[in-house]
Amino acid sequence: MWRLNVNEPERDSFWVELKPGITSLGRSSANTISLSDSSASRQHAEILWDNVKDNIAIRDLNSTNGTHVNRKRIVAVVELKNGDTIRIGRAVLHLTNESGDLRKSPMGTHFFTREIVLESLDEHAVLIDEVAQKLNAVLDVNAMQQEIASQLKRILMLEDVHVLLSTNFASLRDSRAVRAIQSKSVEVAEMQMYVPITSADEIQGLICLNRKLNSRPFSHRDMGLAVAISHQAALTLNRLHLLEKNRDQERMRELLMRFVSPLEVDYLLKDYLATGKLPELVEQKVTILFSDIANSTGIAERVGAKPFASLLTRYYHDVTNIVFRYGGIIKYMGDGIMAAFVSTSSQTVVPQEIRAVQAGLSILTQINRTDYLIEGGRLVVGVAVNTGPAMVGYIGVGARAEFNVLGDTVNTASRMESFARPNRLLVGHETMRTLEGRVPTKPFGTIDVRGRSAPVQVFEVTSV
């Protein structure tokens, strides 16, 4: 009994039992086998079966795009044999003789080698191209699993297909499935088949195929198709992992841009991509800048919530640009900001203390512009800069991380800022040591800081 298995894009695979005589093929509905592919001619080809001699052949009917048998275009009547593949446009028809000398079912173990993959891809190029186009459109792993299952069900007329990722292997109980993973092999039974999804000798997943009881057992062609599709699954997984890596990198870049100047983002991102994490809290020398709006509560009450929000937004925008210009890392603190300046490979020419003071001077200059006039007067801020040891780094996981600076240096800078109004720039003793001879300053006096046993000496920068 001669049968044709017909596969076309966007159409379920189906079997046609051939009758003695002529079986017509083409796009016209009048044909014995009507094809939907637009590249097929209306009357494209004929299959001729002489049941007396049990001789079967195919003839092209001067079609526009030709008829191919085993990847070769035919020019006359060509005799067919069991297992031949006929291609008309994107329609692929596989010929079998179930009463003849069929190749035995591939039951057992078949090691997943490069050769078996290449042979499968070569034999099923047209169908795999169709599957690849579908998989290229998916953007997540769940969609990939569903698409592979759908395509295998459609092409091989299967009852059930499961695509498992390596994270789900612990739930497997079938010994053949476990063997397929452990030995990197295709395991075939009459009605079940397990095909690993591998990339660079790493098992990424497993395709589990089940056929209805009392139906046709899996054939060598079925196994080849499943292997070729598993290869496409591996390529898709690699693409999705790369996409996720790029998304993760973009999310991290967006996170860092909230705190860090563009110059520092690439420096930190390079470290993150190499280690998978941002710099953790470590003790290092840091220069802290605090800037705060004086009497923000009173201003908000006087001008109204919406105008104050607009004012605060403009303040954050201007101050952030200034801090980034001088290589600082910013953290928003209600109606003010904290900025940290440290020495990194990209910031080695100008000392961190000088950069922090330059940023502070620029903030005061910006605030003195007329667009910061408010009802009842001008916006008043204070700026304080202090240098010393602190714990500096990121707290959190991945894109949920937050920049932090902890320690006495920070507390002292915050306390100094409350004495820096109106529109003054105060610096601590350690910062002053670097400024001497470079920036005009004068003694401001001493201030008390909670938790410190002795007062802190403070200086004022006078070149505002």
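These legends describe close-up views of one predicted model. Local features need pLDDT of at least 70, side-chain atom pairs count only at pLDDT 80 or more, and totals for chains, interfaces and linings use all residues. Residues are numbered from 1 along each chain as its sequence is written, and side-chain values use heavy atoms, with hydrogens and water left out.

**View 1. The protein chain is more spread out than a compact globule.** Its secondary structure comes to eleven helices and 26 strands (DSSP runs, numbered from the N terminus: helices are H or I with at least four residues, strands E with at least two). The radius of gyration is 37 Å, well over the 23 Å that the globule rule gives for 464 residues (taken over C-alpha atoms; the rule is 2.2 Å times the number of residues to the power 0.38). Along the principal axes, the C-alpha atoms fill a box of roughly 115 × 45 × 40 Å. Buried residues make up 50% of the chain (buried is under 20% relative accessible area, exposed over 50%, partly exposed in between; 1.4 Å probe, protein chains only).

**View 2. Ring pairs link Y315, Y316 and Y332 into a cluster.** The structure holds two aromatic pairs (rings of Phe, Tyr and Trp, the last by its six-membered ring, with centres within 6.5 Å; planes under 30 degrees apart are stacked, over 60 edge-to-face, the rest tilted). The ring centres of Y315 and Y316 are 5.9 Å apart; their planes meet at 45 degrees, so this pair is tilted. Y316 and Y332 also form a tilted pair, at 4.8 Å centre to centre and 55 degrees between planes. Y316 lies in helix 8 (residues 305-325) and Y332 in strand 18 (residues 329-333), so the pair ties together parts 16 residues apart in sequence. Y316 is buried at 17% relative accessibility; Y332 is partly exposed at 40%.

**View 3. Five strands form an open antiparallel sheet.** The order is 12-14-15-16-13 (strands pair if DSSP finds at least two bridges between them). Strand 12 (108-111) and strand 13 (160-165) stand at the edges with a single partner each, so one side of each has no neighbour in the sheet. The twist averages 15 degrees from one strand to the next (axes are lines fitted to C-alpha atoms, for helices over the stretch in contact; angles run from 0 to 180 degrees between N-to-C directions). Two bridges join strand 14 (residues 185-188) to strand 15 (residues 192-199). V188 stands opposite M193 in strand 15.

**View 4. The charged end of R3 sits over the ring of W15.** It lies 4.5 Å from the ring centre (the cut-offs are NZ of Lys or CZ of Arg within 6 Å of the centre and within 35 degrees of the ring normal).
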